[in-house]
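Subject: A structure for you to look through

Hello,

Here is the structure I promised to hand over. Please open it next to this email, and then read on for what turned up in it.

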Amino acid sequence: MNITIKTFQELTTLELHNLLQLRSEVFVVEQDCVYQDIDGKDLKALHVIGEKEGKVVAYTRCFEPGIYFKEAAIGRVVVEGEQRKYGYGHVIMKASVDAIKTRFNTEVIKLSAQSHLKKFYESHGFNQVGEGYLEDGIPHIAMLKS
């Protein structure tokens, strides 16, 4: 899997289409969750894109401190269903954490995790903060890496 990191302005229209298609495929269709994916925050995000054979198979969006949370943030962490067995979730998370360290000069990162992925995020140094909550009808927890 090849990783590219781009601001919104650097994305081609095809790249934008492909990452939105993956997000819709997993978050809306697979997880059966109707929500407003295009929320205006993509414009301010750093987009971490994992491609394999020309297809987007993994993705995150990252934010500098103060945009999403007071800390830097990672969101929309997604891997295409058939590609999860290859560990691409770990690859895209490592690339995202590294991008935040390099581009935003911080190691303090917050994310809103689906509760069933707690151990996955813990393996990347994140720890739960606070109680669980529902986000778009799915149980979530806040997690912080410092």
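Tyr88 is buried in this predicted model, with a relative accessible area of 11%. Its ring pairs with that of Tyr86, a residue that is partly exposed at 45%. How are the two rings placed? They are tilted, with 5.6 Å from centre to centre and 35° between the planes. That angle is too wide for stacked rings, which need planes under 30 degrees apart, and too narrow for edge-to-face ones, which need over 60. Tyr86 has another partner too: Lys52 lies over the face of its ring, 4.0 Å from the centre.

In total there are five aromatic pairs. Another of them joins Tyr68 and Phe69: the ring centres are 4.9 Å apart and the planes meet at 80°, so this pair is edge-to-face. Both residues are partly exposed, Tyr68 with a relative accessible area of 30% and Phe69 with 21%. Together with Phe63, these two are linked into a cluster by ring pairs. Phe69 also has a lysine over its face, namely Lys110, at 4.8 Å from the ring centre.

Now to the inside of the protein. The largest nonpolar core has 24 residues, and those touching the most other members are Ile74, Met93, Ile109, Leu111, Tyr121, Phe126 and Met143. Which elements give two or more residues to this core? They are the strands β2, β3, β4, β5 and β7 together with the helices α2 and α3. The largest share comes from α2 (88-104), which gives seven residues.

Try selecting Met143 and looking at what surrounds it. Leaving out residues up to four places away in sequence, Met143 touches a long list of others, among them Ile109, Leu111, Tyr121, Phe126 and Val129. A second core, separate from the first, is made of 13 residues, including Leu22, Tyr35, Val78 and Ile138.

Gly132 is worth a look as well. You will find Gly132 in strand β6, which covers residues 127-135. Beyond its neighbours within four places in sequence, Gly132 is in contact with His140 and Ile141. Its C-alpha atom is 7.5 Å from that of Ser115, although the two residues are 17 apart along the chain.

Last come the charges. How many salt bridges does the structure hold? There are eleven. In one of them, the side chains of Arg84 and Glu30 meet at 2.9 Å, N to O. Arg84 sits in the loop between β4 and α2, while Glu30 belongs to helix α1, so this bridge ties together parts that are 54 residues apart in sequence. Both ends are partly exposed, Arg84 at 38% and Glu30 at 43%.

Arg61, in strand β3, is a good residue to finish on. Is Arg61 buried or exposed? It is buried, with a relative accessible area of 1%. Arg61 forms a salt bridge with Asp39, where the closest N and O atoms are 2.7 Å apart, and another with Asp42 at 3.0 Å. Asp39 is partly exposed at 28%, whereas Asp42 is buried. Asp42 lies in the loop between α1 and β2, so its bridge to Arg61 ties together parts that are 19 residues apart. These three residues belong to a network of salt bridges that also links Arg23, Asp37 and Arg76.

Enjoy exploring!

Best wishes

Note on methods: Residues numbered from 1 in each chain as written. Predicted model: local features only at pLDDT ≥ 70, side-chain atom pairs only at ≥ 80, totals over all residues. Heavy atoms only, no water. Phe/Tyr/Trp six-rings, centres within 6.5 Å; stacked < 30°, edge-to-face > 60°. Buried < 20%, exposed > 50% of the residue type's maximum accessible area, 1.4 Å probe, protein only. Lys NZ or Arg CZ within 6 Å of the ring centre and 35° of its normal. Core = buried A, V, L, I, M, F, W, Y, C linked by side-chain atoms within 4.5 Å. Helix = DSSP H or I, 4+ residues; strand = E, 2+ residues; numbered from the N terminus. Contact = heavy atoms within 4.5 Å. Salt bridge = Lys/Arg side-chain N within 4 Å of Asp/Glu carboxyl O.
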